[in-house]
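Q: I would like a close look at a single part of this protein, and then a walk outward from there. Please keep the steps short.

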Amino acid sequence: MIYEINGGRPLRGECRVQGSKNSALPILACTLLCGGETVIRNCPVLSDVEATLRILRHLGCRVKREGHIVTVDSTAVTSDEIPDVLMREMRSSVIFLGAILARNGSATLSTPGGCEIGLRPIDLHLDAMRRLGAQVREEFGRIVCEAPNGLTGANISLSFPSVGATENIMIAAACAKGVTRIANAAREPEISDLADFLNSCGARIAGAGEGSVTVEGVPRLHPTEHTVIPDRIVAATYMAAAAVTGGAIRLRSIIPAHLGPEIAVLEEAGCRIESDCRNLRLTAPKRLSGVKMIRTMPYPGFPTDIQAPFAAMLTAAEGTSVIIETIFENRYKYIGELVRFGARIRVDGRMAVIDGVEKLYGANVVMPDLRGGAALMIAGLAAEGTTRISGVRHIDRGYETPEQVLSGLSADVKRIEEDGKTDPEQQSEPHRRQGEPLAR
Ligand code: UD1
């Protein structure tokens, strides 16, 4: 499949934003600890989520999806191991480590290895499991963790506020003996969502979202019902698309308070933004202005995940913009593809300097990774003429039917077979059929 975009149309109208992938993944892993039937609402239909559901099934859970509602019954967990083939489908499956270990007293995962955006080590996760009393061995590409007598609360100070490590510790510590304190914890909204989920299962977690988290271990968790928070990265992506096309859109079902730095950059670029607690309206000028500097940082700083979409947006702004990527070492792969649209960007190590051009032109490009893929779609929407984008499996990891959402906002975007045929029933892509369309 490829995306074919006829660009140059301002985005107009309104859309609902999907549930957050980065919230859904750890929450689904956590259902292992509930020992019964847990219901997760607003669960996006994405290939990363489906890979997570396959892991849960492999571990012995009964999993059912009806639209955006996923039910996981973890009464009978039968395995403590994620095989290599499932680990390779999704690097973030390391998020299962704490849950499997806490549930079974042992866990075996294959080493996740690197991914498209960098090496992605898991040393902070493993050190934390050791601090909680697990024995951790790394052998022949596998990680074996054992805690036959259960886990014990500890004081853990993270050298970097890793999102995944903070989540793994919270999950593993929820049923540990005693109290765990995490210093320099990640403060992302997805951390707070995970804490809300765990607390509604009977956990005792305080301070999530504040950098210092306390987990008072409880003997067991129980099933619950939970609604995943809206995806702030997806919301910001559609805002960037509307901004660069000179459009005006309204986003529903979002939490504007999670989008502080993105809103600040969009306002600096000349957009007008009005919001209440669940909705946001963006009105863009005819042409954006460049912005002084975007530096990616842990939350509440500017998110690394929105660096590529905003870079694409700024390629057509008036003046020069500077981006510094501080979180991942290999997150500029998409820039070579943006240049094909006529963008002028220089990369020097972690810095990208963008000299805005008056016009982008349609191009044939390849998605290098998830957020880089979103950046190419944004460039295609802004460009004059036709853009064809291949490598769409990357976008399926994080964006639910973007062609439907963007078409609902008056864009001309089609997902077609490479030979040009449309696939209206998505016959060749059954994994994308289970949700309700979002562009309503
Ligand atoms: C999560 C998000 C991802 C986002 C990232 C940063 C999910 C599923 N993914 O990824 O979309 O881009 O947060 O906001 O929620 N690091 C180590 N050792 C470790 C762990 C991390 O050195 O043990 C480093 C990483 O290489 C990276 C930095 O810490 O340079 C941030 O990683 P982390 O916050 O852990 O990101 P993820 O949880 O993997």
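In which strand does His226 lie? Start there, and then show me what else deserves a look.

A: One note before we begin: this is a predicted model.

His226 lies in strand E14, which covers residues 225-227. Is His226 buried or exposed? Its relative accessibility is 10%. Buried means under 20%, so His226 counts as buried.

Now look at what surrounds this histidine. Leave out residues up to four places away in sequence, and His226 touches Ile27, Val39, Ile40, Arg41, Asp193, Asp196 and Phe197. Pick out Asp193 from that list. The side chains of His226 and Asp193 are joined by a polar contact of 2.9 Å.

Next, move to Asp80. This residue sits in the loop between strand E5 (69-73) and strand E6 (81-82). Its relative accessibility is 23%, so Asp80 counts as partly exposed. Which residues does Asp80 touch, not counting those up to four places away in sequence? They are Ile100, Asn104, Ser106, Ala107 and Thr108. With Ser106 there is also a polar contact: the two side chains are joined at 2.5 Å. Asp80 has another partner to find in the view. Leu59 is 21 residues apart from Asp80 along the chain, and their C-alpha atoms are separated by 6.7 Å.

Now the cysteines. How many disulfides does the structure hold? The count is zero. Take Cys34, which is in no disulfide. The nearest cysteine sulfur belongs to Cys201, and it is 3.7 Å away. A disulfide needs the two sulfur atoms within 2.5 Å, so this pair does not make one. Cys34 has a relative accessible area of 2%, so it is buried. Cys61 is in no disulfide either. For Cys61, the nearest cysteine sulfur is that of Cys34, 9.5 Å away. Cys61 is buried as well, with a relative accessible area of 6%.

Turn to the backbone. Here is the background: most residues other than glycine have a negative phi, and most peptide bonds are trans. Three places are worth checking with that in mind.

Start with Pro300. The peptide bond from Tyr299 to Pro300 is cis, with omega near 10°. Find Pro300 in the loop between strand E18 (293-295) and helix H10 (307-314).

Then go to Asn184. It is not a glycine, yet its phi is positive, at about 60°. Asn184 lies in the loop between strand E11 (179-183) and helix H7 (189-200). Its relative accessibility is 36%, so Asn184 counts as partly exposed.

Ser410 follows. This residue is not a glycine, and it has a positive phi of about 75°. Its place is the loop between H14 and strand E24 (412-416). With a relative accessible area of 34%, Ser410 is partly exposed.

Last comes the empty space. Rolling a probe the size of a water molecule over the atoms shows where such space is left. How many cavities of 30 Å³ or more does a search of the whole structure find? It finds three. The largest cavity has a volume of about 60 Å³. Its lining is made by Thr237, Tyr238, Ala241, Ala374, Met377, Ile378, Leu381, Ile395, Tyr399, Pro402 and Leu406. Three elements give two or more residues to that lining: helix H8 (232-244), helix H12 (370-382) and helix H14 (402-408). The largest share comes from H12, with four residues. What classes of residue line this cavity? There are 10 nonpolar residues, one polar and no charged ones.

Finish with an open space, the second largest pocket. Its volume is about 370 Å³. It is lined by 20 residues, and the closest to its centre are Val244, Thr245, Lys286, Glu358 and Ala382. H8 and H12 are the elements that give two or more residues to this lining. By class, the pocket lining divides into 12 nonpolar, three polar and five charged residues. Compare the two linings: the largest cavity has no charged residues, whereas the second largest pocket has five.

Methods. Residues numbered from 1 in each chain as written. Predicted model: local features only at pLDDT ≥ 70, side-chain atom pairs only at ≥ 80, totals over all residues. Heavy atoms only, no water. 1 Å grid on protein atoms, 1.4 Å probe; cavity = no way out; pocket = protein on both sides within 12 Å on 5 of 7 lines; lining within 4 Å. Points joined across faces, edges and corners; volume = space filled by probe spheres on them. Nonpolar A, V, L, I, M, F, W, Y, C, P; charged D, E, K, R; others polar. Buried < 20%, exposed > 50% of the residue type's maximum accessible area, 1.4 Å probe, protein only. Polar contact = N/O pair within 3.5 Å; in protein donor to acceptor, adjacent residues only side chain to side chain. Contact = heavy atoms within 4.5 Å.
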